[in-house]
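Subject: Structure handover

Hello,

Please find the structure below, followed by notes on what came out of it.

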Amino acid sequence: MRRFTWMCSTLLALIALTGCAAKNADMSINTSQLTETGLVYASLSTSDEYMYGPIATVRFERGGIIKSREEDNPVVGSLKPSELQDDYGRLVVLELPAGKNSLEYWVVTHGTTQYHSVDDVPKIGFTVEPGKAVYLANLHIQTSLGPGLFGHKAIVDLLPEIRDRSQRDLKMFRARYPNVAEADIISKQPFVGVWSQSNPLLAQ
């Protein structure tokens, strides 16, 4: 599965993507009333679940970070159930400033370990249209779990992908954001494929 070089680090190094995750837009929002902002929506997921995670995190150039899972009870370290049938993750809907933007970086955390690309992560550019809702993609980390320390499973391989799950994601978006008109939804994705410098379509 591996098509690029990645590495892992311990909890002491979990500072590359700090801060609170961006919150979903109000579900009563009406895009026709937005003049300087627009919506972007995407699903964020991983292929496995074992104990606390894995959790995928993605950073926007403008808009902060988003995570594939939300905490349910931080005291006991539990996560809210996955919203997706085929993967482990959720739908994210953000209100962002109109104009050029990009997906900048990804990392995966599993327990106290972080996994990230050794090489620079190529930016995925997109445009936020005022008064529109733009579909980005299913931002997915394909993970393989194997034996880890103390008998627990750990990530032994991974692959960051940008996939087309527009049918599934659009259905969820429509159900949650009924005030967004069909004409205001843009489903053309900026990119589909492996999100890696090794991908010749993204090589800089």
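In which sense do β2 and β11 pair, and over how many bridges? The two strands pair in the parallel sense, over seven bridges. Please keep in mind that this is a predicted model.

Strand β11

β11 covers residues 133–147, and eleven of its 15 residues are buried, so that the strand is mostly covered. Besides β2, β11 has further partners. With β13 (185–186) the pairing is again in the parallel sense, over two bridges; there, Val134 of β11 is opposite Ile186. With β12, which spans residues 153–163, the strand runs antiparallel, and ten bridges join the two. Within that pairing, His140 has Glu161 of β12 opposite to it. Five residues lie between the strands in the hairpin of β11 and β12, where Phe150 adopts a positive phi near 55°.

Thr46

On the β2 side, Thr46 is worth a look. Thr46 belongs to β2, which runs over residues 37–46, and its bridge partner in β11 is Ile141. Is Thr46 buried or exposed? Its relative accessibility is 0%, and because buried means under 20%, Thr46 counts as buried. Leaving out residues up to four places away in sequence, Thr46 touches Pro54, Ile55, Ala56, Ser68, Asp87, Tyr88, His140 and Ile141. The list thus takes in the bridge partner Ile141 as well as His140, the residue opposite Glu161. A polar atom of the Thr46 side chain also lies 3.1 Å from the backbone oxygen of Asp48.

Helix α1

α1 is made up of residues 166–176, and its buried residues are Arg168, Asp169, Leu170, Met172 and Phe173. What covers these residues? The cover includes β2, β7 (88–97), β11 and β13. Both strands of the seven-bridge parallel pair are therefore among the elements that cover the buried part of α1.

Ser102

A second buried residue to check is Ser102, which sits in strand β8 (residues 99–110). Its relative accessibility is 3%, which is why Ser102 counts as buried. Apart from its neighbours within four places in sequence, Ser102 is in contact with Arg59, Phe60 and Glu61, and also with Lys123, Ile124, Gly125 and Phe126.

Regards

Terms used. Residues are numbered from 1 along each chain as its sequence is written. This is a predicted model: local features need pLDDT of at least 70, side-chain atom pairs count only at pLDDT 80 or more; totals for chains, interfaces and linings use all residues. Side-chain values use heavy atoms; hydrogens and water are left out. Helices (H or I, at least four residues) and strands (E, at least two) are DSSP runs, numbered from the N terminus. Buried means under 20% relative accessible area, exposed over 50%, partly exposed in between (1.4 Å probe, protein chains only). A polar contact is a pair of N or O atoms within 3.5 Å; within protein, one must be able to donate a hydrogen and the other to accept it, and residues adjacent in sequence count only if both atoms are side-chain atoms. Contact means heavy atoms within 4.5 Å. Two strands pair if DSSP finds at least two bridges between them.
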